[in-house]
Amino acid sequence: MAERALAHAAAAAPPEVSTDSALPFRFCAADLVADVSGALVWPAAGLIAVADLHLEKGSGFAARGALLPPYDTAATLKRLQALVARWRPRQVVCVGDSFHDRGAAERLDGGDAAAIAGLTAACDWVWVAGNHDPAPPLAWGGRVVGEHAVGPLRFRHEAAPRAAAGEISGHYHPKARVQVRGGRRSGRCFVADGRRMILPAFGAYTGGLDVLDPAIRSLLDRRFAVLLIGDRRVFPFGSQQLFRGA
């Protein structure tokens, strides 16, 4: 099971000695990699999955009077371009909420729209529909689906209450707090049990929900694991090492 494999990795390679910026692990018969960017990589399938880009969140908030710097889309796309250049995937799956709201496409800067078109032209690009975003303009490329199945894995935006093994989702923007030797760590994370995995949010302006919050915890088996994203590394922890923050 994924929880046992990840918990074993946490025991075998404590965070204090980990040096990997991309952590390999096995989930539902697939050999995957948790990238420090927050992307899930499946090297054998040539696939990258990212969740919750929330492009144009800054401009959406600004339209309602919240003065956020309008640079989140450019920053998110730059990270996405670097990710694609590093891994050179054959397919990229955006697991929903790629755009923050239904007006995001109209607010998008021309240069950012060109960057999206360049990304979608480089490989097979799949937009999984989310609860925030409509289909992007056809001129930007890619294809829109409700769910996307590849081998033993099925990608959807929001976790189903009774999912079959192999579900990969986003939506919740998971984060975790852990106690380690010398202090505490907190941040975005991947969270998985033996059936499902929830990806961290990839967007620049996305917040997070603690994995111990009932909205996430109720979806998971009694024991699960998190892959916590640090500045340069990804750290594996078992569920027993987590705590709720104030």
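These legends accompany a set of close-up views of a predicted model.

**View 1. The whole chain, before we zoom in.** Let us start with the full protein chain, which has 246 residues, 52% of them counted as buried. Its secondary structure comes to 6 helices and 16 strands. Contacts that link distant parts of the sequence are well represented here: among those between residues at least 6 apart in sequence, 69% join residues at least 24 apart.

**View 2. A cavity lined by nonpolar residues.** The cavity count for this model, taking those of 30 Å³ or more, is 1. The largest cavity holds about 30 Å³ of space. Look around its wall and you will meet Leu53, Leu55, Leu77, Leu80, Ile116, Leu119, Trp125 and Trp127. By class, the lining has 8 nonpolar residues, with no polar and no charged ones. Helix α3 (72-87), helix α5 (110-122) and strand β6 (124-128) each contribute at least two residues to this lining.

**View 3. Phe99 and Trp127 in an aromatic cluster.** Trp127, already met in the cavity lining, appears again here with aromatic company. The whole structure contains 3 aromatic pairs. In the pair of Phe99 and Trp127, the ring centres are 5.6 Å apart and the planes meet at 40 degrees, so this pair is classed as tilted. Phe99 belongs to the loop between β5 (91-95) and α4 (104-107), while Trp127 belongs to strand β6, so the pair ties together parts that are 28 residues apart in sequence. Phe99 and Trp127 are both buried. Step back a little and one aromatic cluster comes into view, formed by Phe99, Trp125, Trp127 and Trp140. Trp125, like Trp127, is also among the residues lining the largest cavity.

**View 4. Two arginines, each over a phenylalanine ring.** Here are two neighbours in sequence, Arg184 and Arg185, with a ring apiece. Arg184 lies over the face of Phe243, at 4.3 Å from the ring centre. For Arg185, the ring is that of Phe235: the charged end sits over it, 4.4 Å from its centre.

**View 5. Ser169, a buried strand residue.** Find Ser169 in strand β10, which covers residues 167-169. Is Ser169 buried or exposed? Its relative accessible area is 0%, which is under the 20% cut-off, so Ser169 counts as buried. Leaving aside residues up to four places away in sequence, Ser169 touches Val95, Arg156, His157, Glu158, Ala159, Met197, Ile198 and Leu199. One of these partners, Val95, falls in strand β5 (91-95), and two others, Met197 and Ile198, fall in strand β13 (196-198).

**View 6. Gly207 in a loop, with His173 across from it.** Gly207 is part of the loop that runs between β13 (196-198) and β14 (209-210). With a relative accessibility of 45%, Gly207 counts as partly exposed. Along the chain, Gly207 and His173 are 34 residues apart, yet 6.8 Å separates their C-alpha atoms.

**View 7. Leu138, an exposed leucine.** To finish, here is Leu138, in the loop between β6 and β7 (143-145). Why does Leu138 count as exposed? Its relative accessibility is 82%, and the class begins at values over 50%, so Leu138 belongs there. From Leu138 to Ala117 the C-alpha to C-alpha distance is 9.7 Å, with their positions 21 residues apart in sequence. Ala117 itself falls within helix α5 (110-122).

Notes: Residues are numbered from 1 along each chain as its sequence is written. This is a predicted model: local features need pLDDT of at least 70, side-chain atom pairs count only at pLDDT 80 or more; totals for chains, interfaces and linings use all residues. Side-chain values use heavy atoms; hydrogens and water are left out. Helices (H or I, at least four residues) and strands (E, at least two) are DSSP runs, numbered from the N terminus. Buried means under 20% relative accessible area, exposed over 50%, partly exposed in between (1.4 Å probe, protein chains only). Contact means heavy atoms within 4.5 Å. On a 1 Å grid over the protein atoms alone, a cavity is a set of points where a 1.4 Å probe fits but cannot get out, and a pocket is an open set with protein on both sides within 12 Å along at least five of seven lines; lining residues have an atom within 4 Å of a point. Grid points are joined across faces, edges and corners, and a volume is the space filled by probe spheres set on the points. Ala, Val, Leu, Ile, Met, Phe, Trp, Tyr, Cys and Pro count as nonpolar, Asp, Glu, Lys and Arg as charged, and the others, Gly among them, as polar. Rings of Phe, Tyr and Trp (its six-membered ring) pair if their centres lie within 6.5 Å; planes under 30 degrees apart count as stacked, over 60 as edge-to-face and the rest as tilted. A charge sits over a ring if NZ of Lys or CZ of Arg is within 6 Å of the ring centre and within 35 degrees of the ring normal.
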